[in-house]
Amino acid sequence: MLNLFSQILAIMEPRDLMDMFSLCMPELFESMINNNQLVQIFAALLQAPKVYKPFADVLINLLVSSKLDVLKNPDSAATKLVLHLFRCIFGAVTKTPSDFERILQHHVPVIMEVCMKNATEVEKPLGYMQLLRTVFRGLAGCKYELLLRDLIPMLLPCLNILLTMLEGPAGEDMKDLLLELCLTLPARLSSLLPYLPRLMKPLVFCLRGSDELVSLGLRTLEFWVDSLNPDFLEPSMANVMSEVILALWSHLRPVPYPWGKKALQILGKLGGRNRRFLKEPLTLECKDNPEHGLRLVLTFEPSTPFLVPLDKFINLAVAAVIQRNHGMDIYYRKQALKFLRVCLLSQLNLPGCVTDVGQTPRQLSTLLRSSVDSSWHRSEAVEIKVSFKHHSYNLNFSWLDSVLFLSHDRGYLCGRLSYLSTF
């Protein structure tokens, strides 16, 4: 029934159709909120060759004049309907763009102004950002010289708002959406040249984002490389050149990975510029205090393991070695240095270097023991297996030494682990 009704409307005279719908559009809009199937009528009329242009004029007039406020509640049925109708309108625009420039020229600046205003005032501006995405996508492939010229004064305020939202906490939920808006601003490249350095950071985020953003970022970067003189492009990319190249390198993967070929093509177009940044130090991700950087596993017979983190012990040993305290026994400073050397060789997986200077497993046990107080020692010994990261040793501890070691007695650890400090 809806298809037949749409066909009847599609053969009416355009003037009569506009007069009729101008009177009943508000009622139809409310009816469509309750019955989504009625949207089929509007979608069919926007595709009908005879009436799509006047009907689009009536529909966009209604939406811009009285329905943009509903976007303040992005989860409402009215918001979803408004966004769907805008998608239908701009879907028709992309098919016959030459017929819509006059219509859009009056409404697109108003839409952008309302969206930018509410982006900073509304608690949840998601609906307005989605509307901007629909508008930007619809204008992306159209050659609207007059319309794009009218939008030039709005580019800088729009970009400022998008970048501010992207850096703020509210932008986390809309990060992908904001990044797409930054790289799809409705303007000729010549109009975007003054803002190109500010667009580089969103470009890097896109190259590290989802598949859709990666595709957008690669297409945008390739377009800039193909269209701009290298003498102009390089200064604009100077601050993020290393990040851009590293992001491109991350996509150099074989088939069936979809972006490997395109990333390689862009690197080829950059020529020697893709290697100049290697002269600068790269920013590496690291953890200042990794959990259990070096661990000592003590195993008592019959195989009862104890995990002893050595991070704090290493800090004490470093302090004992580097501090210029003449009151400290030189013997303990040497033992601390030997202990640091054993730990470092263990991390570098160089166990052979330990034996080169006589640091045999038997001698390693002496690093964990001392003769400060012979009364602590007992003849009864227990076999303990000490495991570092890459190799292990079997050590003979007296029973009392083992208990005191595992109890983390501060005074005993100073002597046994050669971390003599001021306490």
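User: Let's start small. Where is S6 found?

Analyst: S6 is found in helix α1, which covers residues 2–10. Keep in mind that this is a predicted model.

User: Okay, and how do I tell whether S6 is buried or exposed?

Analyst: Look at the relative accessible area: under 20% is called buried and over 50% exposed. S6 has a value of 5%, so S6 is buried.

User: What does the side chain of S6 reach?

Analyst: The backbone oxygen of L2, at 2.8 Å. Then look further along the sequence: once you skip the neighbours within four places, S6 is in contact with Q40, I41, A44 and L45.

User: Could we try P49 too? Is P49 buried or exposed?

Analyst: P49 is exposed, because its relative accessible area comes to 72% and the exposed class begins over 50%. As for its place, P49 is in the loop between α3 (39–45) and α4 (52–66).

User: How far apart are the C-alpha atoms of P49 and A10?

Analyst: They are separated by 8.3 Å, although P49 and A10 are 39 residues apart along the chain. You can do a similar reading for L192, which has its place in helix α10 (residues 189–192). The C-alpha atoms of L192 and L156 are 9.2 Å apart, with their positions 36 residues apart along the chain.

User: And what does L192 touch?

Analyst: Leaving out residues up to four places away in sequence, L192 touches L155, L185 and A187. With a relative accessible area of 10%, L192 is buried.

User: Now zoom out for me. How many helices and strands are there in the chain?

Analyst: The chain has 22 helices and four strands. Of its 423 residues, 45% are buried. Also, take the contacts with a separation of 6 or more: 66% of them come from residues 24 or more positions apart.

User: How do I read a pair of helices? At what angle do the axes of α6 and α8 cross?

Analyst: Check the distance between the axes, then the angle. For α6 (residues 101–119) and α8 (residues 145–167), the axes come within 10 Å and cross at roughly 15°. Angles under 35 degrees count as roughly parallel, and therefore α6 and α8 are roughly parallel to each other. Their crossing is left-handed.

User: Which residues make that contact?

Analyst: On the α6 side they include L104, V108, M112 and M116. On the α8 side you'll find L147, L151, M154 and I161 among them. Sorted by type, the residues of this contact are 14 nonpolar, one polar and four charged.

User: What about α5 and α7? How do their axes cross?

Analyst: The axes of α5 (residues 77–95) and α7 (residues 126–140) come within 9 Å and cross at roughly 10°. That makes α5 roughly parallel to α7. The contact is made by L83, F86, R87, F90, V93 and T94 of α5, with G127, Q130, L131, T134, V135, G138 and L139 on the α7 side. Seven of the contact residues are nonpolar, five polar and one charged.

User: One last feature: what kind of peptide bond joins V255 and P256?

Analyst: Here's the general idea: most peptide bonds are trans. The bond joining V255 and P256 is cis, with omega about 15°. You'll find P256 in the loop between α14 (241–249) and α15 (260–270).

Technical notes. Residues are numbered from 1 along each chain as its sequence is written. This is a predicted model: local features need pLDDT of at least 70, side-chain atom pairs count only at pLDDT 80 or more; totals for chains, interfaces and linings use all residues. Side-chain values use heavy atoms; hydrogens and water are left out. Axes are lines fitted to C-alpha atoms, for helices over the stretch in contact, and angles run from 0 to 180 degrees between N-to-C directions. Helices (H or I, at least four residues) and strands (E, at least two) are DSSP runs, numbered from the N terminus. Angles under 35 degrees count as roughly parallel, over 145 as roughly antiparallel, 65 to 115 as roughly perpendicular and the rest as oblique. A crossing is left-handed if the near helix is turned anticlockwise from the far one by less than a right angle, and right-handed if clockwise. Contact means heavy atoms within 4.5 Å. Ala, Val, Leu, Ile, Met, Phe, Trp, Tyr, Cys and Pro count as nonpolar, Asp, Glu, Lys and Arg as charged, and the others, Gly among them, as polar. Buried means under 20% relative accessible area, exposed over 50%, partly exposed in between (1.4 Å probe, protein chains only). A polar contact is a pair of N or O atoms within 3.5 Å; within protein, one must be able to donate a hydrogen and the other to accept it, and residues adjacent in sequence count only if both atoms are side-chain atoms.
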